[in-house]
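Please open the model in your viewer and keep the selection tool at hand. The tour below moves from one selection to the next and says what is found at each stop.

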Amino acid sequence: MNKRVIPESELILADGRIYHLNLRPDQIANTIIMVGDPDRVAKVSTYFDKIEHQVSSRELVTHTGFVGAKRLSVVSSGMGTDNVELVMTELDALVNIDFDTRTVKDELTSLEIIRIGTSGCLQADIPIDAHLVSESALGLDTLMSFYNWENDDKGTAIVDKVAKELQLSFKPYFADADQSLMNKYGVEMVKGTTITAPGFYAPQGREVRLNASIPGFVDKLAQMELPYSRFTNLEMETAGYYVMAQLLGHGMVSLNALIANRARQEFSKDHEKSVDDLIRVVLGRI
């Protein structure tokens with residue numbers, strides 16, 4: 001059977017580099033730390049013992065090098081699940097598409113991906129600057145309307161409950177972390193269920209000059225009883241990462257420095273230290 005050749009318009013390559021990330025396959029490691037802020041890439045790679053590649057393209061920055069004998073990359077995605085979809089698709093293509101033939105390789109590579117991010121905490125009893133590992137994540141965006149993703153029974157129950165409670169006009173989605181990565185990187189961290197929103201202000205219940213169309217929905221979610229847990233934090237990427245990773249066959253875990261507490265209306269006094277502490281914890285477990 002002939003393999004499908006991916007058209008030039010669907011997979012854009014230039015000089016052997018994939019279009020948005022601007023990377024060649026040899027410039028990415030199989031263990032990848034994802035960050036949102038492009039300036040945070042250098043804050044991670046400053047702890048590398050050796051840097052092989054430094055590539056920038058818009059807000060997408062990649063540094064690949066070594067910590068001891070371990071080769072790893074740190075990549076920025078920018079904000080939002082739209083960027084997550086783009087970055088995850090291109091990272092997968094770098095390891096699983098033959099760029100010469102534009103076909104899927106016979107033997108697929110599964111990447112190990114660790115997100116280091118920040119988020120706002122929804123629960124008053126969780127301390128500011130705590131580190132949280134997202135056991136699961138709820139996506140309050142429409143990304144999965146464009147992919148063949150089916151929530152499992154647990155996810156369906158949660159999604160249906162949220163959609164009914166908030167009277168949503170779209171169907172959210174729900175996914176879990178990779179268990180082995182969660183056990184490796186989430187040790188001694190707060191465990192929680194993350195809400196991923198498609199924006200920072202009204203989609204996270206904030207009001208500046210414009211009113212949110214669903215009044216008080218963040219409080220409703222914070223108080224909602226889940227079958228096994230509760231919603232703990234709110235950010236803009238994790239659910240997209242978890243679903244894209246599962247669809248593409250990669251391991252993914254999301255770790256968050258909780259730099260704001262929405263319930264107590266507090267913000268971290270030194271959020272950069274909180275993030276740096278999380279970076280050092282992750283690199284110590286690589």
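By class, the residues lining the second largest pocket of this predicted model divide into 10 nonpolar, 8 polar and 8 charged. To find this pocket, which has a volume of about 520 Å³, select Met79, Thr118, Ser119, Phe200 and Ile259, the closest to its centre among the 26 residues that line it. Next, colour strand E9 (112-121), since the largest share of this lining, 6 residues, comes from E9. Helix H1 (39-45), strand E13 (231-235), strand E14 (251-261) and helix H7 are also to be shown, as each supplies at least two residues of the lining.

Stay with H7 and select residues 271-285, a helix of 15 residues that reaches 22 Å from its first C-alpha to its last, close to the 21 Å expected at 1.5 Å a residue. Within H7, pick out Ser274, Val275, Leu278, Ile279, Val282 and Leu283, which are buried. These residues cover an arc of only 165° around the axis, which puts them on the same side of H7. An α-helix has 3.6 residues a turn, so residues three or four places apart point the same way.

Now turn to the largest pocket, which holds about 620 Å³ of space, and select Glu10, Leu11, Thr89, Glu90 and Ala93, which lie nearest its centre among 23 lining residues. Helix H2 (81-96) and helix H6 (238-248) each supply at least two residues of this lining, and its largest share, 7 residues, comes from H2. Colouring the lining of the largest pocket by class should give 14 nonpolar, 4 polar and 5 charged residues.

Methods: Residues numbered from 1 in each chain as written. Predicted model: local features only at pLDDT ≥ 70, side-chain atom pairs only at ≥ 80, totals over all residues. Heavy atoms only, no water. Helix = DSSP H or I, 4+ residues; strand = E, 2+ residues; numbered from the N terminus. Expected span 1.5 Å × (residues − 1). Buried < 20%, exposed > 50% of the residue type's maximum accessible area, 1.4 Å probe, protein only. Arc of directions from axis to C-beta. 1 Å grid on protein atoms, 1.4 Å probe; cavity = no way out; pocket = protein on both sides within 12 Å on 5 of 7 lines; lining within 4 Å. Points joined across faces, edges and corners; volume = space filled by probe spheres on them. Nonpolar A, V, L, I, M, F, W, Y, C, P; charged D, E, K, R; others polar.
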